[in-house]
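Here is a short tour of a protein model for your next look at the viewer. Please keep the sequence at hand as you read.

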Amino acid sequence: MASTQGFKSLPQSNVSSNPSHQPSSAQRAPQQLRTPSSRKTIYDRNLNRTRTAELSRASFAYLFSEMVSYAQKRVTGIQDLERRLNEQGYPLGLRLLPLLLYREPPRTSVRPNRILPLLQFVHGPLWRHLFGRTADAIEHSSSANNEYMISDNEPLVNQYISVPKEMNQLNCAAYVAGIIEGVCDGCGLKAAVSAHNGGTEMWPGKTVFLIRFEEGVVEREGLLEGKR
């Protein structure tokens, strides 16, 4: 039986149980939302109170595996599954950006509007918030001016996922790629982000997040560099 502690009971009607005396739907009072007895909701909580709180890995593994199972329904292949995981992470990135900026010191709580500060924000504050540490590397592609890479040698999201042999190209870190893409778009630097397996002998589970900025973003970056 569910506990009712902390909730106010709504006033009961004194109308007789005789159906002929029941009020019509137009006469019934509008139903009220139940609120905690303390009158405080999640919106009253200080955003800095839980900045160091950690979720147990067991809870995370269960929740994330259920998210992958949900995304796996009605997909046509690995690329379709990764796209759905990416779409699940994108809204989280949009919402994490203002929260993390709010928690930064006043002198650094500025929304990144250049490529390098944005990548440093993803590599540092975003990664520490999500995984308790910074990412392992930031690189600039030597073949494409609009491509950057952020590497994670042991992505947490892949540690508790068992991938069958026929789907060995699947990388569930596509969810994290969606978060990065949401942060980039939230800063006004449009980009497409994808996750790729980059395992080595030392780091077999290494993942590389490829960030492709739109041409307009790169052109704007070049103009700003020329004004310096």
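The report below goes from the overall layout to a helix pair, a single glutamine and the cysteines.

## Overall layout

What you see is a predicted model. The protein is built from five helices and four strands. Read from the N terminus, these elements follow the order α-α-α-β-β-α-β-β-α.

The chain has 228 residues, and 33% of them count as buried. About 15,600 Å² of the protein is exposed, with carbon and sulfur atoms supplying 51% of that area. Among contacts with a separation of 6 or more, 60% join residues that lie 24 or more positions apart.

## Where helix 2 meets helix 3

Two packed helices are described by the angle between their axes and the distance between the axes. Helix 2 spans residues 78-103 and helix 3 spans residues 115-131. Their axes lie 11 Å apart, and the packing angle is about 95°. Angles of 65 to 115 degrees count as roughly perpendicular, so helix 2 and helix 3 are roughly perpendicular to each other.

On the helix 2 side, the contact is made by Leu96, Leu97, Leu100, Leu101 and Arg103. Facing them from helix 3 are Phe121, Pro125, Leu126, His129 and Leu130. By type, the residues of this contact divide into eight nonpolar, one polar and one charged.

## Gln88 and its contacts

Helix 2 also holds Gln88. Is Gln88 buried or exposed? Neither word fits: its relative accessibility is 25%, and Gln88 therefore counts as partly exposed.

Which residues does Gln88 contact, leaving aside neighbours within four places in sequence? They are Met67, Tyr70, Ala71 and Tyr175. Gln88 and Ala71 are 17 residues apart along the chain, and their C-alpha atoms are separated by 8.6 Å.

## The cysteines

How many disulfides does a search of the whole structure find? The search finds zero. A disulfide needs a pair of cysteine sulfur atoms within 2.5 Å. For Cys187, the closest cysteine sulfur belongs to Cys184 and is 7.1 Å away, which is too far for a bond.

Cys187 has a relative accessible area of 10%, so Cys187 is buried. Cys172 is buried as well, with a relative accessible area of 2%. Both values fall under 20%, the cut-off for a buried residue.

Notes. Residues numbered from 1 in each chain as written. Predicted model: local features only at pLDDT ≥ 70, side-chain atom pairs only at ≥ 80, totals over all residues. Heavy atoms only, no water. Buried < 20%, exposed > 50% of the residue type's maximum accessible area, 1.4 Å probe, protein only. Axes fitted to C-alpha atoms, helices over the stretch in contact; angles between N-to-C directions. Helix = DSSP H or I, 4+ residues; strand = E, 2+ residues; numbered from the N terminus. Parallel < 35°, antiparallel > 145°, perpendicular 65-115°, else oblique. Contact = heavy atoms within 4.5 Å. Nonpolar A, V, L, I, M, F, W, Y, C, P; charged D, E, K, R; others polar. Areas by Shrake-Rupley, 256 points an atom, 1.4 Å probe, with all protein chains shown as cover.
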